[in-house]
Amino acid sequence: MSGRTDLGMPAFPKAAKASTKDERLRANLRHATHTIRDKRARAVGELDDWALLREAGKRIKDHTLCHLDAYLLQLEERVTAAGGTVHWAGDAAEANRIVADLVKATGEREVVKVKSMTTQEIGLNAALEAEGITAYETDLAELIVQLGDDLPSHILVPAIHRNRAEIRDIFTEQMARWGRPAPVGLTDRPADLAEAARLHLREKFLRAKVAVSGANFMIAETGTLVVVESEGNGRMCLTLPETLISVVGIEKVLPAWQDLEVFLQLLPRSSTAERMNPYTTTWTGTTDGDGPREFHLVLLDNGRSHTLADQVGRQVLRCIRCSACLNVCPVYERAGGHAYGSAYPGPIGAVLTPQLRGTQSEVDASLPFASSLCGACYEVCPVAIDIPEVLVHLREQVAAQPGHRAEHAAMKAATWLFDHPAALAAVERAASATRALHPRTLPVGPAKAWTDSRDLPKLPAEPFRTWWKKHHGDQHGDHHEEPAR
Amino acid sequence: MRVALFTTCVNDAVFPSAAIATVRLLERLGVTVDFPEQQSCCGQPQYNTGYRKLTEPLVLRMARVFEDYEFVVTPSGSCAAMVRDNYPRIGAKAEAEGHGRELAEAAAALTPRVLELTEFLTDVLGVTDVGAHFPHRVTYHPSCHGLRMLGLGERPLALLRAVKGLELVELPGAEECCGFGGTFAVKNPDVSTAMGEDKLRSALSTGAEVLCGADNSCLLHLGAMLSRHNRRRADTPMHIVHLAEILASTETDPWSHA
């Protein structure tokens, strides 16, 4: 069933090592990320005010985060006034407990789910399962992941690591265990796969009395929640059941309805490369005779206040989960989403997860280093999160933890050498003088990690400094004698 | 005009030919070049690995060594980006920690004067045709720091297009990272290698004789992979050459493979 979690994941480099050797995974990911990447570039290129939109998105989010307490209280007041109930959850366990109790109070034993990153973050499905409640994922890709007893590997396209033939096999083998079986003789044509999913899910939509969702935005001014999606399956869950429970991170609040003008342009173009997404569902509390009769909003902290307190790291809370950064990331493309060991893969996961969970576990401590700092993520981020800046900031935290003594000593020695140019010059001359003796490979330590796939560089006959002395001598440049220290 | 050359530690110790080429090129264009010998490293390895405090003495050293120069020119996009993007951050963080007034002031004074070679040629000297001659088929890898942090844009390509005899061929996926990333290359060797292999494959697919870049740390990575590749196959005609060496090459003093 859906009981898989990310606990006890190996460090990123170890998980990524396996992915880089998986030729089919590499091909699936390369094809998918490059396709979305190119489409996004075209969709964004159509707007001449994209830079202004991006700046507006950044500023609205920063303003909201600066006054988060006030906007959350306003939101609570408006949701309550509109007939909803607001719950505050400090961490994942508390949120899961609240949701399980709400479901049990209805007397139901199953819920349908709208695709939601937040409920993955808190491991809601496994928590409900432990309480005897079955959660059915209704987003097509989440369904593929759930049926395959798998973990999502992408924010927008959770089954990006699967190709059509694999999906056909999963449907054929697993659908019957969860409900309506796949049609006999199912092919891997996209239309046939979609039809199989449609038939399977329709049964769930019509039966379900309780739905669980997240939300893309919450409007403080009106108490409105907003879900943006492509399939319409989300709208089925948001409108058909009698009870709706939405679990939303506290950073998803926006001050005013008008702010959607900016985000409903930024999000679809960045995420699916569409000018406009097919379904945007908004709801405000409950409405007699229309939609769910009961609405609960669970506001989740789970590390967000801690993140907000960090002056450099807090920019990550601007994230609108578009996944543009994943689609341009060369590391994600080779390592795949599972290596990141959380619901949030890719560059945004590498800066979000260590802030939400801390950097104590092996995988969380390795995430800030899972980047070459190439900056492609920052370039495409619709709310201008400087991911490389945050990565380096988090590396500093990790480097200060135990277990970095040797690395610290090496870095300290390097700084000493670079701060004593006469010694540096002597080392350089000695290295060049002995270059004939240098091997091209080395058997141990970081050098081994380099030379397993790469030669050590051949050193020159003499360093630049020596050449300069020979050719320019004392004519200029060395009048900056080191002051006495 | 008199400028200071910031060689960078990698060029000084491993690729002096790029630094020598930069000196020859600038002197040919009438610029007087100084090499303040008290310079060393910008601190990028320490900073990017999470040892910000260990970069502080190097920031102060850089500011002190280059304080008298209107322009500090460096043939390395990533070192220029380290100074321009990260020195102000190092200063600001130190100031927030209560010990960094001197550091912040030093960083602020130095930062705007440090220019990557193609910026200096294009924006200060205003030249595109530097009088170079390089009769080879060349493809250009625009390293991430030059491309995205400095925003070098068309500058390197315009300089290459003006070189006599040079045939410039487009590198597919040029904007993608080569996988070096400093200590990333040893902390995540498998992903780094996979990225490097894709970059090399792309470069080899162009049929270019020369893969050119403006950042020797990336070229070190690609060269190390190409060297391993060549030792296994021994038939690859591609050379890896810094942009400065191409721009320094003339008919009377042509580039030659070391």
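Reader: I'm new here, so where should we start: when does a residue count as buried?
Author: Happy to help, and please keep in mind that this is a predicted model. For each residue, we look at how many other C-beta atoms lie within 10 Å of its own. A residue is buried if that number is 20 or more.

Reader: Thanks! Is helix H4 of chain B largely enclosed or not, and how many of its residues are buried?
Author: H4(B) covers residues 52-65, which makes 14 residues. Those that are buried include B:Leu54, B:Leu58, B:Val59 and B:Met62, and also B:Arg52, B:Lys53 and B:Glu56. H4(B) is largely enclosed by the rest of the structure, because the number of its 14 residues that are buried is 11.

Reader: Which helices of chain A help to cover the buried residues of H4(B)?
Author: Part of the cover comes from chain B, where helix H3 (44-49), helix H5 (77-96) and helix H6 (101-110) take part. Chain A joins in with helix H19 (387-399) and helix H20 (405-418). From chain A, then, the names to remember are H19 and H20.

Reader: What span does H4(B) reach from its first C-alpha to its last?
Author: At 1.5 Å a residue, the span expected for this helix is 20 Å. The model comes close to that, with a reach of 20 Å.

Reader: Let's turn to where the two chains touch. Which helix of chain A gives the most to the side that touches chain B?
Author: The contact takes 54 residues from chain A and 55 residues from chain B. Helices of chain A that each supply at least two residues include helix H1 (12-21), helix H21 (421-433) and helix H23 (464-472), along with H19 and H20. On that side of chain A there are 28 nonpolar, 11 polar and 15 charged residues. The helix that gives the most, with 6 residues, is H20(A).

Reader: Chain B has an open sheet of 4 strands; which strands stand at its edges?
Author: The strands follow the order S2-S1-S3-S4, with parallel pairing. Two of them each have a single partner strand, so one side of each is left without a neighbour in the sheet. These edge strands are S2 (32-34) and S4 (114-116).

Reader: Which residue of S4(B) stands opposite B:Val73?
Author: Strand S3 of chain B, residues 72-74, runs parallel to S4(B) and is joined to it by 3 bridges. Across from B:Val73 stands B:Leu115.

Reader: What angle does helix H5(B) make with S4(B)?
Author: The helix lies across S3 and S4 of chain B. Its direction runs to that of S4(B) at about 150 degrees.

Reader: How far apart are the centres of the two domains of chain B?
Author: The domain assignment gives domain 1 (2-124) and domain 2 (137-248). Taken over C-alpha atoms, their centres are separated by 23 Å.

Reader: And which helix supplies the largest share of the side of domain 1 that touches domain 2 in chain B?
Author: The contact between these domains takes 27 residues from domain 1 and 21 residues from domain 2. Helices H1 (9-13), H2, H3, H5 and H7 (117-124) of chain B each supply at least two residues on the domain 1 side. The largest share, 6 residues, comes from H2(B).

Reader: Back to chain A: which residue of strand S7 stands opposite A:Val210?
Author: A:Val210 belongs to strand S4 (residues 210-213) of chain A; together with A:Val212 it points one way, while A:Ala211 and A:Ser213 point the other way, and all are buried. S4(A) and strand S7 (residues 243-249) run parallel, joined by 4 bridges. Opposite A:Val210 in S7(A) stands A:Thr243.

Reader: Which residue of S4(A) stands opposite A:Lys113?
Author: Strand S2 (residues 110-113) of chain A pairs with S4(A) in the parallel sense over 2 bridges. In S4(A), A:Lys113 faces A:Val212.

Reader: Do strands S5 and S6 of chain A run parallel or antiparallel?
Author: Both belong to an open sheet with the order S8-S5-S6-S9 and mixed pairing. S5 (residues 217-219) and S6 (residues 224-229) are joined by 3 bridges, and A:Met218 stands opposite A:Leu225. These two strands run antiparallel.

Reader: Last one: what percentage of the residues in chain A are buried?
Author: Chain A has 23 helices and 10 strands, and its C-alpha atoms fill a box of roughly 90 × 55 × 45 Å along the principal axes. Of its 485 residues, the buried ones make up 48%.

Terms used. Residues numbered from 1 in each chain as written. Chains lettered and ligands numbered in written order. Predicted model: local features only at pLDDT ≥ 70, side-chain atom pairs only at ≥ 80, totals over all residues. Expected span 1.5 Å × (residues − 1). Buried ≥ 20, exposed ≤ 12 C-beta atoms within 10 Å, placed from the backbone. Contact = placed C-beta atoms within 7 Å. Nonpolar A, V, L, I, M, F, W, Y, C, P; charged D, E, K, R; others polar. Pairing = 2+ DSSP bridges. Axes fitted to C-alpha atoms, helices over the stretch in contact; angles between N-to-C directions. Domains from an automatic or database assignment.
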